Amino acid sequence: MSNDFEQNLAPYALKSSQTLGRLFHEEPARLRTEFQRDRERIIHSTAFRRLEYKTQVFVNHEGDMYRTRLTHTIEVAQIARASARALKLNEDLTEAISLAHDLGHTPFGHAGQDVLNLCMKDFGGFEHNIQSLRIIDKLENRYASFSGLNLCFETREGLLKKCSIARAKKLGAVAERFINKKQSSLEAQLTNVCDEIAYNNHDIQDGIRAKKISIEQLENLSIFSDQMKIILKKYPKLSGSKIVNETVRLIINLLVTDLINNTKKNIKNESISCVSDVKNFNALIVSFSDDIKKLSMELKRFLYANLYQHPDVVKMTNQADLIIKNLFAAYTSDIKLLSNDFYQYNLDKINSGFKERVICDYIAGMTDRFAQQEYKKLF
Ligand code: MG
């Protein structure tokens with residue numbers, strides 16, 4: 001079904017009537033577009049609910065005020081949807097990709113991914129982005145006639161941010177663009193950049209709240225100090241967290257405005273007039289201007305050096321390492337330690353030589369808290 005809203009989209013926006021369809025045939029939805037249906041399936045999935053208890057940067061129960069994967073995901077969806085509307089792109093598709101973009105994350109954030117990848121090095125490795133696709137294609141277990149969520153091709157393809165050629169060959173049509181060197185849709189490109197806008201800015205707020213970084217440090221970054229000056233000129237008596245929050249608000253506004261304007265410029269300069277122009281173009285169409293790209297990179301480098309590499313955050317990395325390595329070893333030596341439901345559901349895979357992949361799926365699906373409880377129980 002198409003609806004009035006899709007009539008008003010730009011010619012280079014992806015419309016649900018153009019979908020290449022789902023892996024398993026289903027009757028078209030009556031009241032919704034196919035991309036709306038995808039979005040709603042993602043929200044009803046188990047993996048989506050678990051995002052609430054997964055680390056973004058700070059372990060979930062270090063404090064109630066920090067971002068989790070879930071609140072991060074909602075922020076990405078909000079920024080991406082607003083930008084999609086301004087560019088007359090498909091909001092529903094953009095939102096579906098945004099809501100699913102981090103489903104494949106392990107407990108304990110990137111630290112968890114790295115150690116799980118190490119555990120799986122002889123069995124095909126682990127990468128959270130590929131895992132997101134695996135969850136929506138295979139692991140969600142709720143529909144009678146198929147495994148996974150049976151989402152549209154465009155949502156699935158939009159989720160795959162990067163992929164090696166070797167892996168792309170195994171994944172088939174959904175990853176073909178990596179082999180053919182084609183681009184993803186504008187909706188997918190937009191989600192990627194909005195992910196960055198969201199985490200760079202909320203990590204400033206969370207980092208300050210956790211006292212891992214300071215306003216004085218941030219003042220060395222021109223993107224922060226310029227926006228802070230604007231705020232203090234308007235409100236000279238402003239203090240505390242209001243300064244940070246107002247500054248971050250202006251930075252997000254600056255980045256989003258630049259992204260929209262520069263993308264419009266690219267669309268015009270490169271004469272992009274349909275979806276295939278987007279896919280066949282030799283670079284990304286959704287991008288910041290050069291000046292803003294520089295400022296954004298500067299901020300990213302700062303957060304990497306001062307927040308993600310902060311001794312307290314690294315300490316969490318070491319804890320993730322210990323927990324995940326030991327859990328992986330324990331399940332490998334006794335597969336029946338998996339929950340009985342999960343064990344029964346995967347019995348065929350276990351018996352046909354994919355024991356390690358099943359264990360990897362089990363651990364990747366854990367929340368921070370469940371991983372810690374399970375570790376306490378077993379060791
Ligand atoms: Mg993300």
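User: What makes His72, His101, Asp102 and Asp195 donors of the magnesium ion?

Analyst: Distance does. In this predicted model, the magnesium ion is coordinated by His72 (NE2), His101 (NE2), Asp102 (OD) and Asp195 (OD), at 2.2 to 2.4 Å. A donor must be an N, O or S atom within 2.8 Å of this metal. These N and O atoms fall inside that limit, so they count as donors.

User: How are the donor residues of the magnesium ion spaced in sequence?

Analyst: The pattern reads H-x28-H-D-x92-D. Two of the donors show how far apart the parts are: His72 sits in helix H4 and Asp195 in helix H11, 123 residues apart.

User: Why are His72 and Asp195 called buried?

Analyst: Buried means under 20% relative accessible area. His72 has 1%, so the label fits. Asp195 has 6%, so the label fits here too.

User: Asp102 is a donor of the magnesium ion. What makes the contact of Asp102 with Arg69 a salt bridge?

Analyst: The rule asks for a side-chain nitrogen of Lys or Arg within 4 Å of a carboxyl oxygen of Asp or Glu. Arg69 and Asp102 meet at 3.0 Å, N to O. That is inside the limit, so the pair is a salt bridge.

User: Where in the chain do the two partners, Arg69 and Asp102, lie?

Analyst: Arg69 belongs to helix H4 (residues 69-86), and Asp102 to the loop between H5 and helix H6 (109-119). They are 33 residues apart, and the pair links distant parts of the chain.

User: How do you know whether Arg69 and Asp102 are buried or exposed?

Analyst: Check the areas against the 20% line for buried. Arg69 comes out at 2%, so it is buried. Asp102 comes out at 4%, so it is buried as well.

User: What makes Lys279 and Glu157 a salt bridge?

Analyst: Their closest N and O atoms are 2.8 Å apart. The cut-off is 4 Å, so the pair passes. Lys279 lies in helix H15 (residues 275-280) and Glu157 in helix H8, so the bridge ties together parts that are 122 residues apart in sequence.

User: Why does Lys279 count as buried at 19%?

Analyst: Because 19% is still under the 20% cut-off. Glu157 has 7%, so it counts as buried too.

User: How do you know that Lys161 and Asp195 form a salt bridge?

Analyst: Their side chains meet at 3.6 Å, N to O. That is within 4 Å, so the pair qualifies. Lys161 is in the loop between H8 and helix H9 (165-171), while Asp195 is in helix H11, 34 residues away.

User: Why is Lys161 called partly exposed?

Analyst: Its relative accessibility is 35%. Buried needs under 20% and exposed needs over 50%, so 35% falls in between. Its partner Asp195, at 6%, counts as buried.

User: How many salt bridges does the whole structure have?

Analyst: The search finds 24.

User: Which residues line the largest cavity?

Analyst: Among them are His101, Lys161 and Asp195. Helices H8 and H11 (186-209) each give two or more residues to this lining. H11 supplies the largest share, four residues.

User: How many cavities of 30 Å³ or more are there, and what is the volume of the largest cavity?

Analyst: The search of the whole structure finds one. Its volume is about 80 Å³. By class, the lining has four nonpolar, five polar and two charged residues.

User: What makes helix H2 mostly covered?

Analyst: Eight of its ten residues, in the run 34-43, are buried. They include Phe35, Asp38 and Ile42. The buried residues pack against helix H1 (4-7), helix H3 (46-50), helix H5 (91-100) and helix H8 (153-159).

User: What is notable about the phi of Lys88?

Analyst: Phi is near 55 degrees, a positive value in a residue other than glycine. Lys88 lies in the loop between H4 and H5. At 47%, Lys88 is partly exposed, because exposed needs over 50%.

User: Why is Lys181 called exposed?

Analyst: Its relative accessibility is 68%, and that is over 50%, so it counts as exposed. Lys181 is in the loop between helix H10 (176-179) and H11. Its phi is positive too, about 55 degrees, although it is not a glycine.

Definitions and conventions
Residues numbered from 1 in each chain as written. Predicted model: local features only at pLDDT ≥ 70, side-chain atom pairs only at ≥ 80, totals over all residues. Heavy atoms only, no water. Buried < 20%, exposed > 50% of the residue type's maximum accessible area, 1.4 Å probe, protein only. Contact = heavy atoms within 4.5 Å. 1 Å grid on protein atoms, 1.4 Å probe; cavity = no way out; pocket = protein on both sides within 12 Å on 5 of 7 lines; lining within 4 Å. Points joined across faces, edges and corners; volume = space filled by probe spheres on them. Nonpolar A, V, L, I, M, F, W, Y, C, P; charged D, E, K, R; others polar. Donors = N, O, S within 2.8 Å, 3.2 Å for Na, K, Ca; no water.
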